[in-house]
Amino acid sequence: MRLSSQKRVEAKLELPMSSMIDVVFLLLIFFLVTSSFTQTERHLDPAVKIQERSATSSTEDLEPAIVDVVNVGGVPLYRLGVREFSAPSELTRVLSSFDNKLEGAFVRVADDVPFGAAAAAIQSCKDARYTKVSYVPLVP
């Protein structure tokens with residue numbers, strides 16, 4: 001009896017690679033679609049930055065206009081310093097009289113304010129010919 005003439009058959013273990021590749025691509029597509037690549041608005045840089053004043057700066061330097069939009073009793077209210085306005089047209093009229101158009105404007109909006117009121121405040125700044133207008137959430 002010859003032992004060398006018998007061939008040994010080795011069992012090869014093969015994994016179906018096409019199925020694995022399909023699963024990997026499906027997982028990749030799932031994670032790409034469900035992930036968020038945008039920053040939240042609280043982490044965005046504003047277009048206008050307030051610069052620190054040095055001791056050598058003159059008193060003629062102008063600051064950007066800051067408009068606060070708040071909800072008082074269900075009615076949006078526009079605050080510019082100590083002045084309060086209920087209509088965006090009044091806000092535009094007052095903003096037009098300022099000389100700091102190149103410094104830009106900030107529109108700070110509270111969380112409970114409707115979108116239309118925030119958009120009206122931004123549009124008022126644009127109508128008053130401010131070159132840069134930044135939207136900033138109003139932090140209580």
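Where does Leu15 sit relative to helix 1 (17-34)? Leu15 is in the segment before that helix. This is a predicted model, so local features need pLDDT of at least 70, side-chain atom pairs count only at pLDDT 80 or more, and totals for chains, interfaces and linings use all residues. Residues are numbered from 1 along each chain as its sequence is written, and side-chain values use heavy atoms, with hydrogens and water left out.

**View 1. Leu15 and a nonpolar surface patch.** Leu15 is exposed at 57% relative accessible area (exposed is over 50%, buried under 20%, partly exposed in between; 1.4 Å probe, protein chains only). Leu15 helps make a patch of about 1,200 Å², along with residues including Met17, Ile21, Phe25 and Phe37. Patch members have over 30% relative accessible area and no salt bridge, and nonpolar side chains are joined within 5 Å.

**View 2. The two sides of helix 2 (residues 88-96).** Helices here are DSSP runs (H or I, at least four residues), and strands are E runs of at least two, numbered from the N terminus. Leu91, Thr92, Val94 and Leu95 are buried in helix 2. Down the helix axis, these buried residues fall within an arc of 170° (taken from the axis to the C-beta atoms), so they line one face. Ser89 and Arg93 are exposed on the face turned away from the buried side.

**View 3. Thr92 and what helix 2 packs against.** Thr92 counts as buried because its relative accessibility is 16%. Skipping neighbours within four places in sequence, Thr92 is in contact (heavy atoms within 4.5 Å) with Ser124, Asp127 and Ala128. The buried residues of helix 2 pack against strand 1 (65-72), strand 2 (75-80), strand 3 (83-85) and helix 3 (115-127).

Notes. Patches are made of residues with over 30% relative accessible area and no salt bridge: like charges are joined within 9 Å, nonpolar side chains (Val, Leu, Ile, Met, Phe, Trp, Tyr) within 5 Å. Accessible areas come from the Shrake-Rupley method with a 1.4 Å probe; for residues, only the protein chains shown count as cover. A salt bridge is a side-chain nitrogen of Lys or Arg within 4 Å of a carboxyl oxygen of Asp or Glu.
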